[in-house]
Amino acid sequence: MRSDKEPIERLIERALSDYSNAEPRLGLEQRVLNRVRAEARKSPLRLGMKTVAIAAVCIAALTVALWAPRVAHPDPPANALPVKTPVIEVSMPMEAKRTVVTKRQRHRPTPLTQQENALLILAQHSPKVLNALSDDKPVAIQPIEISALKLQPLAPETEE
Amino acid sequence: MRQDEVAERDARFSALVERHSRFVFRIAYALLRNTHDSEDAVQEMFLKLYRSGDWNRIEDEKSFLARAAWRVALTRLRKRVPQEPGLDLPSAALNPEDLAIAADWSEAIQRLIDCLPEDLRRPLALSTVEELSSREIARVMGLAEGTVRTRLMRARQLLREKVISLKVMYEKR
């Protein structure tokens with residue numbers, strides 16, 4: 001090995017300066033510029049293609065939005081409050097008179113409302129009240145009588 | 001954009017490439033230690049720079065390009081080698097026979113540098129590229145200047161110890 005008598009510090013410095021002395025192959029600058037120019041030529045074409053692609057996607061989306069059949073609304077969950085569907089009274093001859101209900105009402109029973117549930121509970125516990133309500137008879141209001149209050153004296157306690 | 005404006009812009013970019021491509025190559029080479037990979041990194045970096053248009057607004061060209069080249073080279077290195085903590089790159093042969101048959105001390109010491117831990121080798125390698133200062137190295141690597149100084153000191157210390165061991169080994173032969 002050459003230079004083995006050189007001081008260590010100088011050896012290290014020389015090695016370090018050689019360490020980064022790598023050279024690229026000839027014409028690196030030209031290769032870089034060629035690649036950049038090729039890219040620059042491609043860029044407008046690529047931009048044009050992107051524009052066309054975006055426009056095509058927009059047109060397709062618009063077409064679908066305008067022409068596609070309307071999607072039916074999904075059924076509400078079972079525990080949701082029932083939707084009050086308006087019942088439309090149509091003036092018709094008596095025999096033909098009927099309540100017009102929507103298609104969904106005809107085919108699917110709607111869950112009871114809070115008021116209907118309350119009425120059901122009332123009917124189970126006190127049918128008299130329900131009868132009174134259903135007969136449409138006025139309920140006679142009786143005067144409230146309170147009997148006289150009598151307090152008995154306390155019995156004297158017996159001592160043992 | 002008008003034709004003459006495009007031509008003028010291209011001329012300015014060409015001048016930038018002419019001025020700094022060698023410097024950028026050396027920054028990439030400090031990390032990658034491979035001529036082909038470093039050249040690819042140079043091309044990739046300039047191409048990204050051209051596309052972004054940032055090169056029109058650079059204040060400190062050298063510092064900016066050094067950082068950009070370092071990032072591109074680092075990405076390439078990560079793709080090339082699976083990231084494992086404590087993995088030293090490159091794993092040049094470090095056996096006494098190889099070192100003994102090295103053409104001279106400089107070559108032997110370069111192999112020793114290659115075998116330093118990466119966190120020490122990288123700042124040391126950058127310090128040899130056109131004599132970048134600790135501050136510039138810190139900017140390139142995204143580290144604190146103090147960290148870079150400490151690492152440079154440790155790298156040189158470790159290298160000195162290895163060279164002494166090598167010299168002792170060589171003298172015994």
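**Exercise 1. Read the order of elements in each chain.**

Solution. From the N terminus on, chain A runs α-α-β-β-α-α-α. That order holds 5 helices and 2 strands. Chain B has 8 helices and 0 strands, in the order α-α-α-α-α-α-α-α. Helices (H or I, at least four residues) and strands (E, at least two) are DSSP runs, numbered from the N terminus.

The model is predicted: local features need pLDDT of at least 70, side-chain atom pairs count only at pLDDT 80 or more, and totals for chains, interfaces and linings use all residues. Residues are numbered from 1 along each chain as its sequence is written, while chains are lettered from A and ligands numbered from 1 in the order in which they are written.

**Exercise 2. Find what share of each chain is buried.**

Solution. Start with the rule. A residue is buried if 20 or more other C-beta atoms lie within 10 Å of its own, exposed if 12 or fewer, and partly exposed in between; C-beta atoms are placed from the backbone. In chain A, buried residues make up 6% of 160 residues. In chain B, 34% of the 173 residues count as buried.

**Exercise 3. Check the length of helix α3 of chain B, then list its buried residues.**

Solution. Helix α3(B) covers residues 61–80, which is 20 residues. The expected span is 1.5 Å times one less than the number of residues. That gives 28 Å, and the end C-alpha atoms are 28 Å apart, so the two agree.

Next, the buried residues. They are Leu65(B), Ala66(B), Ala68(B), Ala69(B), Trp70(B), Val72(B), Ala73(B) and Leu77(B). Their cover includes α1 (3–32), α2 (35–52) and α7 (134–141) of chain B.

**Exercise 4. Describe how α7(B) packs against α3(B) and α8(B).**

Solution. Take α3(B) first. Its axis comes within 8 Å of that of α7(B), and the two cross at roughly 45°. Axes are lines fitted to C-alpha atoms, for helices over the stretch in contact, and angles run from 0 to 180 degrees between N-to-C directions. The pair is therefore oblique. Here is the scale: under 35 degrees is roughly parallel, over 145 roughly antiparallel, 65 to 115 roughly perpendicular, and the rest oblique.

Now the residues. Ser63(B), Ala66(B), Arg67(B) and Trp70(B) of α3(B) meet Glu136(B), Arg139(B), Val140(B) and Met141(B) of α7(B). Residues are in contact if their C-beta atoms, placed from the backbone, lie within 7 Å. This contact divides into 4 nonpolar, 1 polar and 3 charged residues. Ala, Val, Leu, Ile, Met, Phe, Trp, Tyr, Cys and Pro count as nonpolar, Asp, Glu, Lys and Arg as charged, and the others, Gly among them, as polar.

Turn to α8(B). The axes of α7(B) and α8(B) are 8 Å apart, at an angle of about 110°. The two helices are therefore roughly perpendicular. Ser134(B), Arg135(B), Ile137(B), Ala138(B) and Met141(B) of α7(B) meet Glu145(B), Val148(B), Arg149(B) and Leu152(B) of α8(B). By class, this contact has 5 nonpolar, 1 polar and 3 charged residues.

**Exercise 5. Describe the side of chain B that touches chain A.**

Solution. Count first: 31 residues of chain B are in contact with 26 of chain A. On the chain B side, α1, α2, α5 (105–114) and α8 (145–172) each supply at least two residues. Helix α1(B) gives the most, with 9 residues. By class, this side has 18 nonpolar, 7 polar and 6 charged residues.

Notes:
Contact = placed C-beta atoms within 7 Å.
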